[in-house]
Amino acid sequence: MFASLLLASALWLGHNLSLRYSGTISIPVVAESNIPGHFTTSEYPVVISARCRANGYSMLIGGRRAVRVEIAPEDFHRSEGDYFSISANELSRYTEKIFGPGVSLESFSASSYKFKFGVENNKTVPVLAVNSISLGDEYARVGGIQLQPDSVIVYGDPHTIESVHRINTESLTLSGITSSKHGTLKLVAPKGTRLSESQVHYTLHVTRCVEMKKKVKVDVRNVPDDRTLMVFPSTAEVTFLCPFPMDEDPSGSIRLYIDYEEFVLSLNGRCVARTEELPENILSYEIEPQIFECFETSAE
């Protein structure tokens, strides 16, 4: 008889707990978010209360230990000090993570909730794309590898992050490419640190090109009136690349010169030729020779 009553009670309880009810559920929540300059985990849990519709089993979860909920940093708004608030409207997107599956949110008990994220030692450093790239014949880069973002925040012990001056990507290896490339690269975090980003997006612009060569006279600039600066050799061969097809020949705009002030600062009179600003349709260029011998004399 007792066993029958116990079984009947269990069936009755199971049946009632399976029904859906409307009531208030309160859950302590520890927020996790990648807010720049702050620890990723909130300092203490915040009790989130909401009127929900759920079965009896879900109604019994109130008051359990804190759940950890990852919240997008853009959903937080700085309140004061190290406190960041999230509105009930934005928090509604995390209903299942907070209260569990099968729970329908009716309304939160408050219009917003505040979480405290302590300040963490950090510094911002540039990102360097580690790469080994070769292009197909008659193809050239248009600029360097573009990274987004091109800098990240490094977190860690002050003595550790003090020696970090850049963050490298994983190696990007491409060979014989004939078209522009894009993708993502993982970042390599130095030991004992964490980064604001785990990866960056890269873009490499590649275009078909035409190679041209031109003999160009090497001029001198900023030479005092009472001095003469002679350059040997007096001409250089410039090899430059232009996009294909080439609308016009840009070779007529190329100018090379040696700056007298650089000659004065040189130890042995050997100088590098400079160029004026080149047209946009010149992708890259090489000057041969790279070094010129310069001799100074008095002007007659």
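This passage walks through the cores, strands, cysteines and aromatic contacts of the structure above.

The model is a predicted one, so a few ground rules apply: local features need pLDDT of at least 70, side-chain atom pairs count only at pLDDT 80 or more, and totals for chains, interfaces and linings use all residues. Residues are numbered from 1 along each chain as its sequence is written, and side-chain values rest on heavy atoms, with hydrogens and water left out.

A good place to start is the inside. In soluble globular proteins, nonpolar side chains tend to be buried together. A nonpolar core here is a set of buried Ala, Val, Leu, Ile, Met, Phe, Trp, Tyr and Cys residues joined through side-chain atoms within 4.5 Å. Buried itself means under 20% relative accessible area, exposed means over 50%, and partly exposed is in between (1.4 Å probe, protein chains only). The largest nonpolar core has 26 residues, and the members that touch the most others are Ile-48, Phe-76, Leu-91, Phe-99 and Phe-115. Two or more residues each come from β1 (20-32), β2 (46-55), β3 (67-70), β5 (83-87), α3 (88-91), α4 (95-99) and β7 (112-116). These labels follow DSSP runs numbered from the N terminus, with helices (H or I) of at least four residues and strands (E) of at least two. β2 gives the largest share of this core, five residues. Zooming in on Leu-91, and skipping its neighbours within four places in sequence, its contacts (heavy atoms within 4.5 Å) are Ile-48, Ile-71, Ile-86, Ile-98, Phe-108 and Tyr-113. Another core lies apart from the largest one; this other core has 21 residues, including Ile-133, Val-152, Ile-167 and Tyr-202.

Aromatic rings come next. Rings of Phe, Tyr and Trp (its six-membered ring) pair if their centres lie within 6.5 Å; planes under 30 degrees apart count as stacked, over 60 as edge-to-face and the rest as tilted. That rule gives five aromatic pairs. Phe-76 and Phe-115 have ring centres 6.0 Å apart and planes at 80 degrees, so they form an edge-to-face pair. Because Phe-76 lies in the loop between β3 and β4 (77-78) and Phe-115 in strand β7, the pair ties together parts 39 residues apart in sequence. Both rings are tucked away: Phe-76 is buried at 7% relative accessibility, and Phe-115 is buried at 0% relative accessible area. Phe-76 also pairs edge-to-face with Phe-117, with ring centres 5.4 Å apart and planes at 75 degrees. This second pair again links distant parts of the chain, since Phe-117 sits in the loop between β7 and β8 (122-128), 41 residues from Phe-76. Phe-117 is buried too, with a relative accessible area of 0%. Ring pairs join Phe-76, Phe-84, Phe-115 and Phe-117 into a cluster.

On to the strands, which pair if DSSP finds at least two bridges between them. Strand β18 (residues 206-221) runs antiparallel to strand β10 (residues 139-141), joined by three bridges, and here Arg-141 has Val-206 as its bridge partner. β18 also pairs with strand β20 (residues 235-243), antiparallel over nine bridges, where Lys-217 is matched with Thr-235. With strand β21 (residues 256-259), β18 pairs in the parallel sense over four bridges, and Val-220 stands opposite Ile-258. Elsewhere, an open sheet of four strands has mixed pairing and the order β13-β8-β12-β16. Its edges are β13 (167-168) and β16 (193-195); each has a single partner strand, so one side of each has no neighbour in the sheet. Three bridges hold β12 (residues 151-156) antiparallel to β16, with Val-154 opposite Leu-195.

Just before β10, Glu-138 sits in the loop between β9 (131-135) and β10. Glu-138 is partly exposed at 49% relative accessible area, and, leaving aside neighbours within four places in sequence, it is in contact with Thr-207, Arg-208 and Cys-209.

Finally, the cysteines. A disulfide is a pair of cysteine sulfur atoms within 2.5 Å, and the count comes to zero. For Cys-209, the nearest cysteine sulfur is that of Cys-242, 8.7 Å away. Cys-294 has the sulfur of Cys-271 at 3.9 Å, and is in no disulfide. Both Cys-209, at 7% relative accessible area, and Cys-294, at 5%, are buried.
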